[in-house]
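Hello, and thanks for sharing this one. Here are my notes, as numbered points that you can check against the coordinates.

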Amino acid sequence: MQEASSSISAVKVAMVGVGYFARFQLNAWFRLPGCKVVAISEKDDERRAQLENEFPHLPTYRDVDALLSRHEIDVLDVATPPNTHVQIISPLLGRVKTIVCQKPFCGTFTAGRELTAAAKASKTELIVHENFRFMPWYRVVKKAIDEGELGKIQQCRFALRPGDGAGEDAYLARQPYFRDMKQFLIHETGVHWIDVFRYLFGEPETVFADLWRSNPAIKGEDSGLMILKWSDGLRAVLDGNLTLDHAADNHRLTMGEMIVEGSQGTLTVNGWGQVHLRAKGSNELKSIAYDFQDRDFGGDCVYLFQAHVLQHLIEDAPVETLAENYLKNLLIEDACYRSASEGRQIDI
């Protein structure tokens with residue numbers, strides 16, 4: 001793997017921002033054959049000093065312009081807070097061939113739409129780092145649906161129960177900025193399942209949401225129900241409460257449990273990432289065997305997403321999370337908050 005990463009033809013990657021979650025991204029880039037991390041930009045002085053100590057042979061800069069003036073790169077991975085995305089990415093359009101941007105993408109639908117249009121005009125390819133659809137169990141669920149094992153899909157429910165949002169010190173040890181987000185459950189976390197539902201079932205037509213706060217120590221909503229409806233009658237429900245947990249050794253592996261119900265069978269995903277199929281009329285649970293690594297985050301979904309991006313860059317394979325496609329997630333998110341505010345179903 002190291003030999004491939006250091007080859008002349010390796011895709012050259014630089015990162016902007018290396019906070020808590022970006023460490024999973026940096027680690028994945030390091031591991032990917034055919035990829036070479038050439039530099040890092042990090043504004044936080046303490047974090048940058050730590051990176052320089054940890055990776056003494058990896059050039060580290062405070063300023064993105066300084067990085068780009070010294071290194072030729074193929075991909076810039078921007079892993080900074082949403083309110084910085086436009087400020088960081090706009091001046092780089094046309095200068096960098098491919099930019100991967102962390103979610104929540106740009107913070108708002110309007111900002112995301114404007115940045116996406118500017119990127120398209122500049123010929124810079126803009127990809128959103130959305131890794132949950134690459135959690136291995138969702139690829140298994142998608143395959144079962146596409147192969148007709150469940151018949152016509154009628155309902156789906158994901159119970160989001162990571163159990164890490166309770167108490168006065170919630171999120172302080174890992175991502176303390178969560179506590180100050182005015183829009184939290186859907187904007188920061190639920191948007192992943194908006195994307196997963198779109199990946200599994202296509203484009204929904206309406207949304208209804210009821211959102212509330214269970215932990216008074218944080219500012220935004222951390223609990224809620226979001227119901228998406230499709231033209232064929234399918235309903236998918238995100239049932240979220242970040243203060244509650246589910247059965248699992250690692251509550252952040254799947255972060256909850258899913259059930260997908262069709263006319264011919266029911267599929268379940270549990271907290272260990274195990275997938276079971278029950279045929280209609282049967283009491284027998286059939287285990288669907290597949291392999292995944294319980295490594296880094298979410299069944300190594302960050303690595304799998306970035307491998308998908310790398311395959312696109314090397315082989316010109318289609319990429320699933322281009323910004324222009326991802327904008328629909330932000331549109332649905334906006335509709336979700338409107339629904340909760342107005343107490344009614346919203347057309348998307």
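Which residues does N215 touch, not counting residues up to four places away in sequence? Point 2 has the answer.

1. Ground rules. This is a predicted model, where local features need pLDDT of at least 70 and side-chain atom pairs count only at pLDDT 80 or more, while totals for chains, interfaces and linings use all residues. Residues are numbered from 1 along each chain as its sequence is written, and side-chain values use heavy atoms, with hydrogens and water left out.

2. N215. Leaving aside residues up to four places away in sequence, N215 touches G165, A166, G167, A170, D222 and T243 (contact means heavy atoms within 4.5 Å). N215 belongs to the loop between β8 (206-212) and β9 (223-229); helices (H or I, at least four residues) and strands (E, at least two) are DSSP runs, numbered from the N terminus. With a relative accessible area of 6%, N215 is buried (buried is under 20% relative accessible area, exposed over 50%, partly exposed in between, with a 1.4 Å probe and protein chains only).

3. The parallel sheet. Six strands make an open sheet, 6 strands in the order β3-β2-β1-β4-β5-β6, with parallel pairing (two strands pair if DSSP finds at least two bridges between them). β3 (60-61) and β6 stand at the edges with a single partner strand each, so one side of each has no neighbour in the sheet. Strand β5 (residues 98-102) pairs with β6 in the parallel sense over 5 bridges, and C101 stands opposite V128 in β6. Packed on this sheet is α9, which touches β1 (11-16), β2 (35-41), β4 (75-78), β5 and β6. The direction of α9 makes about 165 degrees with that of β6 (axes are lines fitted to C-alpha atoms, for helices over the stretch in contact, and angles run from 0 to 180 degrees between N-to-C directions).

4. V38. This residue is found in strand β2 and is buried, with a relative accessible area of 13%. Apart from residues up to four places away in sequence, V38 touches K12, V13, L58, P59, H71 and I73. If you want a long-range distance to check, V38 and F184 are 146 residues apart in sequence and 34 Å apart in space, C-alpha to C-alpha.

5. Strand β7. What are the partners of β7, and in which sense do they run? Strand β7 (residues 153-160) is joined by 7 bridges to strand β11 (residues 256-262), and these two run antiparallel; A159 stands opposite E257 in β11. With strand β10 (residues 235-241), β7 shares 6 bridges and runs parallel, and Q155 stands opposite R235 in β10.

6. Helix α7 and its packing. α7 is mostly covered, with 8 of its 11 residues buried; among them are P136, W137 and Y138. G148 follows α7 and has a positive phi, near 80 degrees. α7 and helix α8 (residues 185-201) pack at an angle of about 30 degrees, their axes 9 Å apart. That makes α7 roughly parallel to α8 (angles under 35 degrees count as roughly parallel, over 145 as roughly antiparallel, 65 to 115 as roughly perpendicular and the rest as oblique). The contact is made by Y138, R139, V141, K142 and I145 of α7 with W193, V196, Y199, L200 and F201 of α8.

7. Charges over rings. R139 lies over the face of F134, at 4.4 Å from the ring centre, and the charged end of K142 sits over the ring of Y199, 5.5 Å from its centre. The criterion is NZ of Lys or CZ of Arg within 6 Å of the ring centre and within 35 degrees of the ring normal.

8. Aromatic pairs. The structure holds 17 aromatic pairs (rings of Phe, Tyr and Trp, its six-membered ring, pair if their centres lie within 6.5 Å; planes under 30 degrees apart count as stacked, over 60 as edge-to-face and the rest as tilted). F21 and F24 form an edge-to-face pair, 5.1 Å centre to centre with 75 degrees between the planes, and both F21 and F24 are buried. The rings of F132 and F297 have centres 5.8 Å apart and planes at 45 degrees, so this pair is tilted. The F132 and F297 pair links distant parts of the chain, 165 residues apart: F132 is in the loop between β6 (125-129) and α7 (136-146), F297 in the loop between β14 (286-288) and α9 (301-315). F132 counts as buried at 3% relative accessibility, and F297 counts as buried at 5%. One aromatic cluster is formed by Y20, F21, F24, F132, F158, W193 and F297.
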